[in-house]
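Student: I would like to learn how to read an interface and a pocket from a set of coordinates. Where should we start?

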Amino acid sequence: MSVDLATHAAALALGDDALVLSHRLGEWAGHAPVLEEEVALANIALDLLGQARVLLSMAGDEDELAYLRGERAFRNLQLVEQPNGDFAHTIARQLYFSTYQHLLHAELAAGEGPFAPLAAKAVKEVAYHRDHAEQWTLRLGDGTDVSHERMRRACEALWRFTGEMFQPVEGVDVDWTALETTWLASVTDVLGRATLSVPEGPRTGAWTAGAGRQGLHTESFGRMLAEMQHLHRSHPGASW
Amino acid sequence: MTNTDWPLWEVFVRSRRGLSHTHAGSLHAPDADLALRNARDLYTRRGEGVSIWVVPSSAITASSPDEKDPFFEPSADKPYRHPTFYEIPDGVKHL
């Protein structure tokens with residue numbers, strides 16, 4: 001499928017978000033706190049991988065894009081490449097990102113753009129991801145002293161990565177300012193119900209992340225890619 | 001994690017065209033909300049148009065195998081107890 005440049009760039013950005021987060025969630029396989037949660041995280045990872053495949057296929061060959069690009073060519077948000085950390089870190093990352101993704105896909109699904117068909121399908125999946133993250137935020141935040149403290153730390157640690165989500169993506173026709181306002185209100189509401197306060201750190205400007213979309217990534221992302229791409233790079237051209 | 005934090009739940013699922021909820025299996029969850037969500041992942045693959053019930057296993061009272069005979073003996077020698085002496089009309093499907 002040939003698409004215009006802006007659509008190509010947007011498909012890469014959104015596709016890389018889904019691909020990278022899917023890989024991070026895949027790392028939980030066999031390590032989740034309980035068997036039921038294992039299934040839930042794998043389910044979410046599979047949904048995201050499905051979205052990544054559709055989006056990357058819009059931009060080119062999905063396997064080539066996933067396995068043969070270097071770190072600097074990836075356009076994902078720095079938020080999704082953050083290491084899993086403890087369960088609270090994973091949930092905080094899910095809360096921030098799935099709320100964003102749900103709002104974004106709802107907008108895209110309502111529009112007429114090239115992403116409308118994908119978004120119409122994805123929005124249902126992402127609604128489930130968001131619900132999952134909210135449920136766990138409530139349980140950990142409003143759980144024991146220990147789980148509250150861990151959830152608080154996780155929310156604060158990832159806060160500085162959240163401003164980047166609302167940098168306009170070329171080729172994605174949505175009102176980013178409105179999206180950010182709605183996102184902030186939703187996250188504030190969930191954190192409040194979870195007895196957590198909204199982190200005070202900055203979300204944009206100095207001391208925040210914000211260059212993932214330009215191909216600048218955090219340190220752990222290189223290691224993640226090395227693992228993800230190892231086999232494909234060792235046996236280039238093999239079919240499997 | 002202890003079993004009191006994550007008690008056992010029984011899951012009943014009604015499929016899209018199903019008429020009644022059928023016992024599908026069990027799972028562990030800290031509360032009913034999560035039990036419902038886990039049941040959806042485990043037993044319905046998120047297929048749409050299904051209904052799920054979750055019940056804490058502790059809420060279910062089961063008949064005892066020891067009392068099987070007096071409990072379930074169908075009194076086959078008393079045919080007047082069984083409603084078998086009339087024809088079921090064709091229109092009745094799910095009796």
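Student: How much area do chain B and chain A bury between them?

Tutor: Keep in mind that this is a predicted model. Chain B and chain A bury about 1200 Å² between them, with 50% of that area on carbon and sulfur atoms. To the contact, chain B gives 15 residues and chain A gives 12 residues.

Student: How many salt bridges are there between chain B and chain A?

Tutor: A salt bridge is read from the distance between a side-chain nitrogen of Lys or Arg and a carboxyl oxygen of Asp or Glu, with a cut-off of 4 Å. The count here is two. One of the salt bridges joins the side chains of R37(B) and D131(A), at 2.4 Å from N to O. For polar contacts, the rule finds five residue pairs across the interface, both residues at pLDDT 80 or more.

Student: Which elements of chain B supply the side that touches chain A?

Tutor: β2 (22-28) and α1 (32-44) of chain B each supply at least two residues. The largest share, seven residues, comes from α1(B). By class, this side of chain B has six nonpolar, two polar and seven charged residues.

Student: What about empty space: which residues are closest to the centre of the second largest pocket?

Tutor: Rolling a probe the size of a water molecule over the atoms shows where empty space is left. The second largest pocket holds about 370 Å³ of space. Its lining has 21 residues, and the closest to the centre are L19(A), S22(A), L49(A), R53(A) and Y67(A).

Student: Which helix gives the most to that lining?

Tutor: α2(A) does, with eight residues. The lining comprises 15 nonpolar, three polar and three charged residues.

Terms used:
Residues are numbered from 1 along each chain as its sequence is written. Chains are lettered from A and ligands numbered from 1 in the order in which they are written. This is a predicted model: local features need pLDDT of at least 70, side-chain atom pairs count only at pLDDT 80 or more; totals for chains, interfaces and linings use all residues. Side-chain values use heavy atoms; hydrogens and water are left out. Contact means heavy atoms within 4.5 Å. Buried area is the accessible area (1.4 Å probe) that two parts lose on being put together, summed over both. A polar contact is a pair of N or O atoms within 3.5 Å; within protein, one must be able to donate a hydrogen and the other to accept it, and residues adjacent in sequence count only if both atoms are side-chain atoms. Helices (H or I, at least four residues) and strands (E, at least two) are DSSP runs, numbered from the N terminus. Ala, Val, Leu, Ile, Met, Phe, Trp, Tyr, Cys and Pro count as nonpolar, Asp, Glu, Lys and Arg as charged, and the others, Gly among them, as polar. On a 1 Å grid over the protein atoms alone, a cavity is a set of points where a 1.4 Å probe fits but cannot get out, and a pocket is an open set with protein on both sides within 12 Å along at least five of seven lines; lining residues have an atom within 4 Å of a point. Grid points are joined across faces, edges and corners, and a volume is the space filled by probe spheres set on the points.
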